[in-house]
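This report covers the salt bridges of one structure and where their partners sit.

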Amino acid sequence: MAAGGGCWRGLGRLTWLWRCRPSLAIAQGPPRGVRCRFSSGVKGGVEGRAAKGRPLLWGAAFALGGTFGLYQTLQHRSRAHLAEQQVAKLPEGSLQLTLYQYKTCPFCSKVRAFLDYHGLPYEIVEVNPIMRKEIKFSSYRKVPILLANAGGDLQMNDSSVIISTLKTYLISRKSLDEIVSYYPSMKALNEQGKEVTEFCNKYWLMLDEKETTHLYPIKAARTEEMKWRKWVDDWLVHLISPNVYRTPGEALASFDYIVREGKFGALEGIFAKYLGAVAMFFIGKRLKSRHHLQDDVREDLYKAANDWVKAIGKHRMFMGGTEPNLADLAVYGVLRVMEGLEAFDDMMTHTKIQPWYRHVEAAIGHARVAN
């Protein structure tokens, strides 16, 4: 960056467009309060990008970014996961993946959790959140972006679409090109009248009846998984920023973490750490109002964590039964970006989520070693 003013303008364009994020729908058309039109191209969107004119450091701040308890149902789900493990193995060398990311972005963390657990090898390209030269090849100016080489280069956008696409690929062996076509992008106007990009069917796995029955012997298991994946995107991610920027001290610690783990130049890092911490302390207060959080935003975080544990129930280790499913991996991926911060330590101390969290952490670690 040649001058401080340039750095300010660049930081103002960082990562996520959260102020305009519509509620997400599960294959039922546009979300409430949103008017949509389909688009053949992909520009803008909600993950990993701030729109023009957004407040300073809006996106950079976020780079950190029921219950089915019957015993017979749990047994079926456990068998469902075992069946899944038998088919979800990728032939060696058949798919080359490159993940463009910000390390502290919850959406990117979701994708990494999925890839690691399923033993899919991938290369990481850390994107400079100011210049973003690493993704200059793409009109889609957000992260995560996943490039796949399976006989030809294919770009996948949006964390939930990436996960649904690859999971479908592991089960069905349809071509990636065909699977990606099942998740078309659309332009949407949110309640503020701003245009955003969304993706249809993002929580659905595109499987035929036989494959679906094999993976989900009980329909309720699929419905539950989709419901909680959507909950992660609609609610859980909105609790991260108000909690990690709750006090001036927490805001500074958060930006120190962002700069340390991210790809910043020296001048960019100084601006991001100190100016960003001040800006996001005040913006965090606005976020609390926007999302109707309690005065003490920790209480919302604690409730979300306990609601998740309650949904799993006492008789399951994971929502997926004996192994994590896509909802488990999504919740874990989002919460993981707070590790090392006060909000994470408080959550682990004051909620019942720690045993589940450590079990997912261990499951992913074992999968990485095995592969």
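A salt bridge here is a side-chain nitrogen of Lys or Arg within 4 Å of a carboxyl oxygen of Asp or Glu. The model is predicted. A search of the whole structure finds 14 such pairs; among them are those tabulated here.

| Pair | N to O distance |
|---|---|
| Glu 342 and Arg 246 | 3.5 Å |
| Arg 298 and Glu 250 | 2.5 Å |
| Asp 307 and Lys 303 | 2.8 Å |

Glu 342 forms a salt bridge with Arg 246. Glu 342 belongs to helix H13 (residues 342-350), whereas Arg 246 is in the loop between helix H8 (219-244) and helix H9 (248-261), so this pair ties together parts that are 96 residues apart in sequence. Glu 342 is partly exposed, at a relative accessible area of 42%, and Arg 246 is also partly exposed, at 23%.

The side chains of Arg 298 and Glu 250 form another salt bridge. Arg 298 lies in helix H11 (residues 297-312) and Glu 250 in helix H9, so the parts tied together are 48 residues apart in sequence. Arg 298 and Glu 250 are both buried.

Asp 307 and Lys 303 form a salt bridge inside helix H11. They are 4 residues apart, about one turn of the helix. Asp 307 has a relative accessible area of 29% and is partly exposed; Lys 303, at 48%, is partly exposed as well.

Which residues are joined into one network by salt bridges that share partners? The network consists of Arg 246, Glu 250, Asp 296, Arg 298, Glu 342 and Asp 346.

Note on methods
Residues are numbered from 1 along each chain as its sequence is written. This is a predicted model: local features need pLDDT of at least 70, side-chain atom pairs count only at pLDDT 80 or more; totals for chains, interfaces and linings use all residues. Side-chain values use heavy atoms; hydrogens and water are left out. Helices (H or I, at least four residues) and strands (E, at least two) are DSSP runs, numbered from the N terminus. Buried means under 20% relative accessible area, exposed over 50%, partly exposed in between (1.4 Å probe, protein chains only).
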